[in-house]
Amino acid sequence: MAYRNFFASVSGKRRGRRVAPPRFRSRKDNRQAVRFTANARFRVLDNGRLRLPKIGDLRVRWSRELPAPPSSVTIVRDAAGRYFASFVVQAPDASLPAVEPEVGIDLGLTHFAVLSDGTKIAAPKFLRRAARKLRRLQQALSRKQRGSQNRRKAVVKVARAHARVADTRRDFHHKLSTRIIRDNQAVFVEDLAVAGLARTRLAKSVYDAGWTSFTAMLGYKAARHGRVFGRVDRWFPSTRRCSTCGVIGEKLSLNVRSWTCPCGTVHDRDVNAAVNILAAGRADRPTPVEPVSVSGRPEQSAAKQEPTGSAA
Ligand SMILES: [Zn+2]
């Protein structure tokens, strides 16, 4: 096992020449992973190091404290050449105390998200900066000659920048989704017709914004903390329907940011859409029913096969 040799070399257990880290095994997916279960007797030591069987004690830069003893650990090497240890920890679901507010969220292009209470959330500046830098590096890469040393270097640079953007974005999504779930009893979002939008020239910003992973976080955090989460069908014109009187106005071009309804209400385009999403979500919220016992096979849980990488 390549990793065993590499780690042994890093921790000084293996004699002789330093062993190079395992090489990419695929040109497409150049991540590698190895997993240790509790049976493998890995341990987190009091000094913060991670003891892996046959490998030794590794220094770990912890992103946060483990809430409970982990049942397994996976060591991953990403495309940028960094090693990560990710732990599986069984944490009990913690219902949050009930709160009054409910919220609709409009995911847009001018802002990352606009809430029905009027809050507008822009993608953080550092994220936009990192994304710009990534684009620049990608352009530089495309100018390098195939097979050249310079190209290989540029590939690593792009992978690093890419990883940084992905990390930063995930962090932003985590913080925002945690806050929204904490502050609201029910959260509704549009069921994104991303596939439809993707065919237009908006595609790039759609994928860059990462709404899919953000709404997925809202979903599982809602479930974990006893909140309601719902996706609203996009069949209704959320943008041009007046959230006050229900009249459907003229089609609005993208640069129209506010409009006035014949009923006299002045609407911010995105806040109005978010209010409509909230109303639609409330309307088709399922009424709670007593659990009914159903005979038959229990649903298989979607247990994914862990990548075993080079563990052989
Ligand atoms: Zn109106």
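**What the labels rest on**

Reader: Why is β10 said to be largely enclosed by the rest of the structure?

Author: Count its residues: four of the five in β10 are buried, so the strand is largely enclosed by the rest of the structure. Bear in mind that this is a predicted model. To be called buried, a residue needs 20 or more other C-beta atoms within 10 Å of its own.

Reader: Which strands pair with β10, and in what sense?

Author: There's β7, joined to β10 in the parallel sense over four bridges, and there's β11 (residues 228-232), also parallel to β10, over five bridges. Two bridges are enough for a pair, so both count. If you want to find them on screen, G104 has F188 of β10 as its bridge partner, while V187 stands opposite F229 in β11.

Reader: What makes V189 a good place to look for contacts, and which residues does it touch?

Author: Leaving out residues up to four places away in sequence, V189 touches I105, L107, T215, L218, R231, V232 and I277. V189 is also one of the residues that touch the most other members of the largest nonpolar core, a group that includes I105, V187, F188, L218, A274 and I277 as well. That core has 24 residues. Elements giving two or more residues to this core include β7 (102-106), β10 (186-190), α3 (149-183) and α6 (211-225). The most comes from α7, with seven residues. Another core lies apart from this one: it has seven residues, V34, F42, L50 and L52 among them.

Reader: How do you know whether A68 is buried or exposed?

Author: By counting neighbours. A68 has 10 C-beta neighbours inside 10 Å, and 12 or fewer makes a residue exposed, so A68 counts as exposed. A68 sits in the loop between β4 (56-58) and β5. The C-alpha atoms of A68 and V89 are 6.2 Å apart, although 21 residues separate the two along the chain.

Reader: What makes β1 (32-37) and β6 (83-88) edge strands?

Author: Each of them pairs on one side only. The open sheet has three strands, in the order β1-β5-β6, with antiparallel pairing. Strand β5 (residues 72-77) is joined to β6 by six bridges, one of which you can find at V73, whose partner in β6 is F87. From one strand to the next, the twist averages 20 degrees.

Reader: Why are α2 and α3 called roughly antiparallel?

Author: Helix α2 (residues 125-142) packs against α3 at about 160 degrees. Angles over 145 degrees count as roughly antiparallel, and therefore α2 and α3 get that label. Their axes are 9 Å apart, and α2 passes α3 in a left-handed crossing.

Reader: Which residues meet where α2 packs on α3?

Author: From α2, the list includes F126, L127, A130, L134, L137 and L141. Among those they meet in α3 are V155, V158, A161, V165 and F172. Polar and charged names turn up too, including K133 and Q138 in α2, and R164 and R169 in α3.

Reader: And how much of the whole chain is buried?

Author: Buried residues make up 21% of the 312. The chain has seven helices and 13 strands. Take the contacts between residues at least 6 apart in sequence: 60% of them join residues at least 24 apart.

How values were computed: Residues numbered from 1 in each chain as written. Predicted model: local features only at pLDDT ≥ 70, side-chain atom pairs only at ≥ 80, totals over all residues. Core = buried A, V, L, I, M, F, W, Y, C linked by C-beta atoms within 7 Å. Contact = placed C-beta atoms within 7 Å. Axes fitted to C-alpha atoms, helices over the stretch in contact; angles between N-to-C directions. Parallel < 35°, antiparallel > 145°, perpendicular 65-115°, else oblique. Left-handed = near helix turned anticlockwise from the far one by under 90°.
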